[in-house]
Amino acid sequence: MTSFNESAVGIAHVYRGTFVHSTYHKAVEILEDRLLGVDTEGKIAFIGSGKEVDSLSQKWGFEALAVTQLGQHEFFMPGMVDTHIHASQYSYAGTALDLPLLQWLNMYTFPVEARFKDLDFACNVYTHVVKRTLRNGTTTACYFATIHTDASLLLGQIANDFGQRALVGKVCMDTNNFVPHYKETPEESEGETKRFIGELLKKKYPLVRPVVTPRFAPSCSSALLGHLGEIAQNNHLHIQSHISETKEEVKLVKELFPDYDSYTDVYHRHNLLTDKTVMAHGCHLTDGELKLFRETGASVAHCPNSNISLCSGMLDVRRVLNHKVKLGLGTDVAGGYSPSMLDAVRRTLDTSKALTIQDTQYHTLTFEEVFRLATLGGSQALSLDEHTGNFEVGKDFDALRVNTDAAGGPIDLINHGEEPKVLLEKFLNLGDDRNIAEVYVAGKRVVPFVDRP
Ligand SMILES: Nc1nc2[nH]cnc2c(=O)[nH]1
Ligand SMILES: [Zn+2]
């Protein structure tokens, strides 16, 4: 039930139509002809039957005529959660996919990221990535920025200005043999991380939080990892990094950290594995490492476009879920070339089917399961599911108004009276931003963009 005082918080909007979401027990739950009320704080105040419009309008004090009615081929679904995206790498998305990870970082990534010292350059790229992801239905994004504190703060400001829910990480790295000007000393990295966290929190952006961001073990000394673990622990902060993306990287970590049992153990012994940690990729994690994820509550960001584009590996999502490790989806721009979570959904299904081609006994993921990973699963992976991820009374209204029959859109031949589940499947497989008529974050309509072009 609602936790707030009903008389103190009014109803701001009421929507009537089909709502499609996931619950902890059901991958897809279809709620037909429902009325959903959003209060003035952007939270879901009630969900009732459309037939009860008169009694609900009396109880909650809204005009029955003020209800927004969805069209026949429309539905609301929860906003999607991108659990891993490099905002800074959006500048070269769609290119540079011809090298394996470690060479790719040296050749393309580090030289580009070094440019974010220039705040004008940063502002342009960050504005584009926030707008593009919002327009594609990403209501929550967990961002890597670069090592530059002021540019990272700017990313937080831009996410706030456009109304996106975001975790923003100033990247930390004190090891870089290939592009030596793109690194910090351990003292700089520690000090600038503290400044970043302090200044971002001081802004009191309602939906933007800092996340402690060691790039990955090969870019960080043990001293730096230790400092970052301590900062996260002392301030109860989120943590993000990369793990076991490629076999070559796992081998390198073994050489760099010979006294540790595994790659996961490196992070664990620096206090970087907590229930607010999200680690990208994890393609080559062992059962023992997944057990450590489960025990600590750390989660995996599955980035299938990137895993295929850089030939890194194919994560066995079913195995991760069987270990009861939390898992969300990530675009991993620009290792992944698409900023759209719909692409992440499709690539997740493709990878699962590729694993099925290799082993016909494999338990292929269903589109319903992948829908959950893109929404509720992502919010769980980021430990934000108290606030977002599905349509539960008391949660923030983070939602996409999907119109499968949008004029000029990519979906043809929708039958009259088509089942909502079929509309969802068509949208996930064929849809794009033309089908996302509106995007809401914490009750506020953030797409279409109003004040800005
Ligand atoms: N895909 C990817 N993997 C990484 N590992 C360390 N840094 C990165 C990065 O920027 N992208
Ligand atoms: Zn990444």
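This short talk covers the zinc site and the aromatic contacts of the structure.

The model is predicted: local features need pLDDT of at least 70 and side-chain atom pairs 80 or more, while totals for chains, interfaces and linings use all residues. Residues are numbered from 1 along each chain as written, chains are lettered from A and ligands numbered from 1 in written order, and side-chain values use heavy atoms, without hydrogens and water.

I begin with the metal. The zinc ion (ligand 2) has the protein donors His84 (NE2), His86 (NE2), His242 (NE2) and Asp332 (OD), at 2.0 to 2.3 Å. Donors are N, O and S atoms within 2.8 Å of the metal (3.2 Å for Na, K and Ca); water is not among the atoms, so sites may look incomplete. Along the chain, the donors of this ion follow the spacing H-x1-H-x155-H-x89-D. His84 is buried, with a relative accessible area of 2%, and His86 is likewise buried, at 2%. Buried means under 20% relative accessible area, exposed over 50%, and partly exposed in between (1.4 Å probe, protein chains only).

I turn now to the rings. The structure holds 19 aromatic pairs; rings of Phe, Tyr and Trp (its six-membered ring) pair if their centres lie within 6.5 Å, and planes under 30 degrees apart count as stacked, over 60 as edge-to-face and the rest as tilted. One of these pairs is Phe19 with Phe76, stacked at 5.4 Å centre to centre with 15° between the planes. Both Phe19 and Phe76 are buried. Phe46 and Phe62 also form a stacked pair, with 5.7 Å between centres and 10° between planes. Finally, one aromatic cluster is formed by Tyr15, Phe19, Phe76, Phe391, Phe397 and Tyr440.
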